[in-house]
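I opened this entry to write down what I looked up around the ligand and along the helices. The coordinates come next, and my notes follow them.

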Amino acid sequence: MEVIINNTKLSLIQGDITNQATDAIVNAANPSLMGGGGVDGAIHRAGGPAILEECKQIVSRQGRLPTGKTVITTGGNLKARYVIHTVGPIWRGGSRNEAELLKSAYWECLKIATANKLTSISFPSISTGAYGYPVSEAARIALRTVVSFLKEQATSLKEVAFVLFDSRTYEGYYSALQEIIGGSNT
Ligand code: ADP
């Protein structure tokens with residue numbers, strides 16, 4: 001499924017984000033930036049050691065990455081030139097500022113991509129794996145944040161893709177996007 005917002009294509013794809021050829025792919029990292037399971041592990045495996053090397057240098061300079069913030073590294077052996085690492089919130093029932101922090105994670109990725117004049121970016125479903133965020137709520141926040149950014153901010157981005165690993169997550173994002181755009185294509 002795809003829609004156009006202010007000259008930028010927003011698309012939903014089911015697949016493996018490590019195969020994406022966008023300028024950047026986003027990693028749902030943890031604050032240590034030392035890799036982990038899920039999409040984080042997959043990105044480090046596919047991208048090779050150059051990504052971890054750069055992450056180590058960043059952590060030695062600035063410490064752990066706070067939730068909702070981002071850093072950008074090489075994409076190593078990936079098709080994507082860059083990996084944007086962000087940390088989503090751990091779901092603790094919804095009253096611990098999770099929604100704001102999840103929004104910040106997406107917004108900061110779009111900001112750093114724009115600052116680096118990137119034209120395309122792929123996101124996974126941040127926080128809905130090991131971090132336990134319910135997919136339908138996370139999808140609404142993810143898509144609303146991207147739509148607001150594209151409507152409000154001048155950006156180099158021509159393409160924003162969500163690459164969703166399993167069909168249940170894809171369906172959650174599909175329903176949320178239909179609800180948000182209300183059947184229109186603007
Ligand atoms: P978090 O800790 O932020 O919850 P996870 O990596 O555990 O991150 O899960 C986030 C989402 O990424 C889940 O929907 C998971 O199925 C998905 N995922 C796992 N591997 C990949 C991959 N290679 N490409 C895209 N999405 C993936």
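For the ligand I took a polar contact to be a pair of N or O atoms within 3.5 Å. I keep in mind throughout that this is a predicted model.

Entry on the ligand. I began with the surroundings of the ligand, where 16 residues are found, and noted that Asp16, Val39, Ser127, Gly129 and Ala130 come nearest. I then looked up polar pairs that use the backbone, and found a backbone N or O atom of Val39 at 2.8 Å from an oxygen atom of the ligand. For Ser127, too, a backbone N or O atom is paired with an oxygen atom of the ligand, here at 2.9 Å. Ile17 places a polar backbone atom 2.9 Å from a nitrogen atom of the ligand.

Entry on α1 and α2. I looked next at helix α1, residues 38-47, and helix α2, residues 49-62, whose axes come within 6 Å and cross at roughly 115°. On the α1 side I listed Ile43, His44 and Gly47, and on the α2 side Pro49, Ile51, Leu52 and Cys55, as the residues that make the contact. Sorted by class, this contact of α1 with α2 holds five nonpolar and two polar residues, and no charged ones.

Entry on Ile72. I located Ile72 in strand β4, which spans residues 70-74. Leaving aside residues up to four places away in sequence, I found Ile72 touching Glu54, Ile58, Tyr82, Val83, Ile84, Ile112, Asn116 and Leu118. I also checked Ile72 against Leu10, which is 62 residues apart from it along the chain, and the C-alpha atoms of the two are separated by 21 Å.

Entry on α3 and α4. How do helix α3 (residues 98-115) and helix α4 (residues 135-152) pack, and at what angle? I read an angle of about 40°, with the axes 9 Å apart, and α3 and α4 are therefore oblique to each other. Their crossing is right-handed. From α3 the contact takes Ala99, Leu102, Lys103, Tyr106, Trp107, Leu110, Lys111 and Thr114, and from α4 it takes Ala138, Ile141, Ala142, Thr145, Val146, Ser148, Phe149 and Glu152. I counted these residues by class as 10 nonpolar, three polar and three charged.

Entry on α4 and α5. I then followed α4 to helix α5, residues 167-181, and found that the two axes come within 8 Å and cross at roughly 50°; α4 and α5 are therefore oblique to each other. The crossing in which α4 passes α5 is right-handed. The residues of α4 in this contact are Val135, Ala138, Ala139, Arg140, Ala142, Leu143, Arg144 and Val147, while α5 supplies Arg168, Thr169, Gly172, Tyr173, Ala176, Leu177, Glu179 and Ile180. By class I noted 10 nonpolar, two polar and four charged residues for the contact of α4 with α5.

Note on methods
Residues numbered from 1 in each chain as written. Predicted model: local features only at pLDDT ≥ 70, side-chain atom pairs only at ≥ 80, totals over all residues. Heavy atoms only, no water. Axes fitted to C-alpha atoms, helices over the stretch in contact; angles between N-to-C directions. Helix = DSSP H or I, 4+ residues; strand = E, 2+ residues; numbered from the N terminus. Parallel < 35°, antiparallel > 145°, perpendicular 65-115°, else oblique. Left-handed = near helix turned anticlockwise from the far one by under 90°. Contact = heavy atoms within 4.5 Å. Nonpolar A, V, L, I, M, F, W, Y, C, P; charged D, E, K, R; others polar. Near = heavy atom within 4 Å. Polar contact = N/O pair within 3.5 Å; in protein donor to acceptor, adjacent residues only side chain to side chain.
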